[in-house]
Amino acid sequence: MVVGKSTQYQRAVGEVVRRSLLNVLKVPKHNWFETINVHSVDQMPFDRNYLGIHRTDDCVFIQITLGVRIGLELKKRFYKAVADGLHRSIEIKREDVFINLVEVPEENWSLRPT
């Protein structure tokens, strides 16, 4: 997200994403790791009208790495839950929520020491 957003704003983004992961994708409660990165507008170049959707400087890019594959309908429900939740909690435009899911097989995680 763009620099200058309050800690409260940043936490609200994290909370909405976490709640959507729990409620929609049924991710286990303690299976959560988060980083929030802020950048100047100059460090966040992107097409403001990609796919005909106008986005502003308030655009939030959310990338989530998953250890399981999920179906398209569940992904759509998740995207909607996050966009609607952020719109309600911090009044961000739904068009300013950009989500990317990365599905990684379990063998590519170092979750347990060997």
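Biologist: What makes Lys75 and Glu103 a salt bridge?

Modeller: The model is predicted, and its side chains place N and O of this pair 3.4 Å apart. The cut-off is a Lys or Arg nitrogen within 4 Å of a carboxyl oxygen of Asp or Glu, so the pair qualifies. The two partners come from distant parts of the chain: Lys75 sits in helix α2 and Glu103 in strand β2, 28 residues apart.

Biologist: Why is Lys75 called buried?

Modeller: Its relative accessible area is 18%. Buried means under 20%, so Lys75 falls in that class.

Biologist: And what is Glu103 called, buried or partly exposed?

Modeller: Glu103 has 21% relative accessibility. Partly exposed lies between 20% and 50%, so Glu103 counts as partly exposed. Elsewhere, salt bridges that share partners join Glu15, Arg18, Arg19 and Glu34 into one network.

Biologist: How many salt bridges are there by this rule?

Modeller: The count comes to 10. One of them joins Lys5 and Asp58, with N and O 2.7 Å apart. Lys5 is in the segment before α1, while Asp58 is in the loop between α1 and β1, 53 residues apart.

Biologist: Why are Lys5 and Asp58 called partly exposed?

Modeller: Lys5 has a relative accessible area of 23%. Asp58 has 34%. Both values lie between 20% and 50%, so both residues count as partly exposed.

Biologist: How do you know that Arg48 and Asp57 form a salt bridge?

Modeller: Their closest N and O atoms are 2.8 Å apart. That is within 4 Å, so the pair meets the rule. Arg48 is partly exposed at 26%, and Asp57 is partly exposed at 36%.

Biologist: What is unusual to note about the phi of Lys26?

Modeller: Lys26 has a positive phi of about 60°, although it is not a glycine. Lys26 is in the loop between α1 and β1. Glu91 also has a positive phi of about 60° and is not a glycine. Glu91 lies in the loop between α2 (72-90) and β2 (97-103).

Biologist: Why are Lys26 and Glu91 called exposed?

Modeller: Exposed means over 50%. Lys26 has a relative accessible area of 61%, so it is exposed. Glu91 is at 68%, so Glu91 is exposed as well.

Biologist: What class does Thr7 of helix α1 fall into?

Modeller: Thr7 has 47% relative accessibility. Exposed needs over 50%, so Thr7 is partly exposed. Its C-alpha atom is 25 Å from that of Val24, 17 residues along the chain.

Biologist: What makes Val38 eligible for a nonpolar surface patch?

Modeller: Patch residues need over 30% relative accessible area, and Val38 has 35%, so it clears that cut-off. By the exposure classes, Val38 counts as partly exposed. Val38 is in the loop between α1 (7-23) and β1 (60-66). Val3, Ile36 and Val38 form the patch, with about 210 Å² of accessible area together.

Biologist: Which residues lie nearest the centre of the largest pocket?

Modeller: Leu21, Phe33, Gln63, Ile64 and Thr65, out of 34 lining residues. The pocket has a volume of about 1,100 Å³.

Biologist: Which element gives the most to that lining?

Modeller: Strand β1, with seven residues. Both α1 and β1 supply at least two.

Biologist: What is the make-up of the lining?

Modeller: It divides into 22 nonpolar, nine polar and three charged residues.

Definitions and conventions:
Residues numbered from 1 in each chain as written. Predicted model: local features only at pLDDT ≥ 70, side-chain atom pairs only at ≥ 80, totals over all residues. Heavy atoms only, no water. Patch = residues over 30% accessible without salt bridge, like charges linked within 9 Å, V, L, I, M, F, W, Y side chains within 5 Å. Areas by Shrake-Rupley, 256 points an atom, 1.4 Å probe, with all protein chains shown as cover. Helix = DSSP H or I, 4+ residues; strand = E, 2+ residues; numbered from the N terminus. Buried < 20%, exposed > 50% of the residue type's maximum accessible area, 1.4 Å probe, protein only. 1 Å grid on protein atoms, 1.4 Å probe; cavity = no way out; pocket = protein on both sides within 12 Å on 5 of 7 lines; lining within 4 Å. Points joined across faces, edges and corners; volume = space filled by probe spheres on them. Nonpolar A, V, L, I, M, F, W, Y, C, P; charged D, E, K, R; others polar.
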